[in-house]
Amino acid sequence: MIFFIRHKSKVPYYRLTKEQCVDLLVRAVQGYLPEHEWHAFIGMNIRDNEALDVLREQCLLLDEFGVRGTCLVDGHSCVSFNKSGIQRLEVLLDEWRFKTDYLV
């Protein structure tokens, strides 16, 4: 038990802001999001913000059904989404672009 508690805090996690996630979604919709950024985003937990982790999980699900593959853009391997994937990304982008954190 002590081993788990001691090493759980050292497990890597992703620390992002809402603005960084919106930027990632914009670049995904526009077709120039590098593949390594997409996989880093969907592959690591965001433990300090539950709402952003829900977004990450939605993108993880989108990765299974909405990714067509990769394409080269300016010499970089970028994620290519199918039509339904782009539509879902646009919905998420529209939702997150204007989302505000309110304290009650």
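**Exercise 1. Find which residues L24 touches, leaving out residues up to four places away in sequence.**

*Solution.* Start by placing the residue: in this predicted model, L24 is found in helix α2. Next, list the partners beyond its sequence neighbours: L24 touches L33, E37, W38 and F41. Now take one of these partners, F41, and check how far away it is. L24 and F41 are 17 residues apart in sequence, and their C-alpha atoms are 8.9 Å apart in space. Last, is L24 buried or exposed? The cut-off for buried is under 20% relative accessible area. L24 has 5%, so L24 is buried.

**Exercise 2. Work out the order of helices and strands along the chain.**

*Solution.* First count the elements: there are five helices and two strands. Then read them off from the N terminus, which gives α-α-α-α-β-β-α. To round off the overview, look at burial and contacts. Of the 104 residues in the chain, 29% are buried. Take the contacts between residues at least 6 apart in sequence: 60% of them join residues at least 24 apart.

**Exercise 3. Decide how α4 and α5 run relative to each other.**

*Solution.* Begin with the geometry. Helix α4 covers residues 50–66 and helix α5 covers residues 83–97; they pack at an angle of about 170°, and their axes are 10 Å apart. Angles over 145 degrees count as roughly antiparallel, so α4 is roughly antiparallel to α5.

Now see who meets whom. From α4 come A51, L52, L55, Q58, C59, L62, F65 and G66, and they meet S84, G85, R88, L89, L92 and W96 of α5. Sorted by class, this contact has nine nonpolar, four polar and one charged residues.

**Exercise 4. Show where the buried residues of α4 sit around its axis.**

*Solution.* Check the length first: α4 has 17 residues and reaches 23 Å from its first C-alpha to its last, close to the 24 Å expected at 1.5 Å a residue. Then pick out the buried residues, which are L52, D53, L55, R56, C59, L62 and G66. Looking down the axis of α4, you'd find them within an arc of 170°, so they line one face of the helix. There's a handy general rule here: an α-helix has 3.6 residues a turn, so residues three or four places apart point the same way.

What do the buried residues pack against? Their partners are α2, α3, β1 (67–73), β2 and α5. Turn the helix around, and the face away from the buried side carries the exposed residues E50, E64 and F65.

**Exercise 5. Now do the same for α5: on which side are its buried residues?**

*Solution.* Length again: the 15 residues of α5 should span 21 Å at 1.5 Å a residue, and the end C-alpha atoms are 21 Å apart, which agrees. The buried residues of α5 are G85, L89, L92, L93 and W96. They cover an arc of only 105° around the axis, so they're on the same side of α5. They pack against α2 (18–30), α3 (35–43), α4 and β2 (76–81). On the face turned away from the buried side, you'll find the exposed residues K83 and D94.

**Exercise 6. Describe D74: where is it, and is it buried or exposed?**

*Solution.* Locate it first: D74 sits in the loop between β1 and β2. Then compare its accessibility with the cut-off for exposed, over 50%. D74 has 75% relative accessibility, so D74 counts as exposed. Finally, look at the backbone: phi of D74 is near 50°, a positive value in a residue other than glycine.

Notes:
Residues are numbered from 1 along each chain as its sequence is written. This is a predicted model: local features need pLDDT of at least 70, side-chain atom pairs count only at pLDDT 80 or more; totals for chains, interfaces and linings use all residues. Side-chain values use heavy atoms; hydrogens and water are left out. Axes are lines fitted to C-alpha atoms, for helices over the stretch in contact, and angles run from 0 to 180 degrees between N-to-C directions. Helices (H or I, at least four residues) and strands (E, at least two) are DSSP runs, numbered from the N terminus. Angles under 35 degrees count as roughly parallel, over 145 as roughly antiparallel, 65 to 115 as roughly perpendicular and the rest as oblique. Contact means heavy atoms within 4.5 Å. Ala, Val, Leu, Ile, Met, Phe, Trp, Tyr, Cys and Pro count as nonpolar, Asp, Glu, Lys and Arg as charged, and the others, Gly among them, as polar. The expected span of a helix is 1.5 Å times one less than its number of residues. Buried means under 20% relative accessible area, exposed over 50%, partly exposed in between (1.4 Å probe, protein chains only). The arc is that of the directions from the helix axis to the C-beta atoms.
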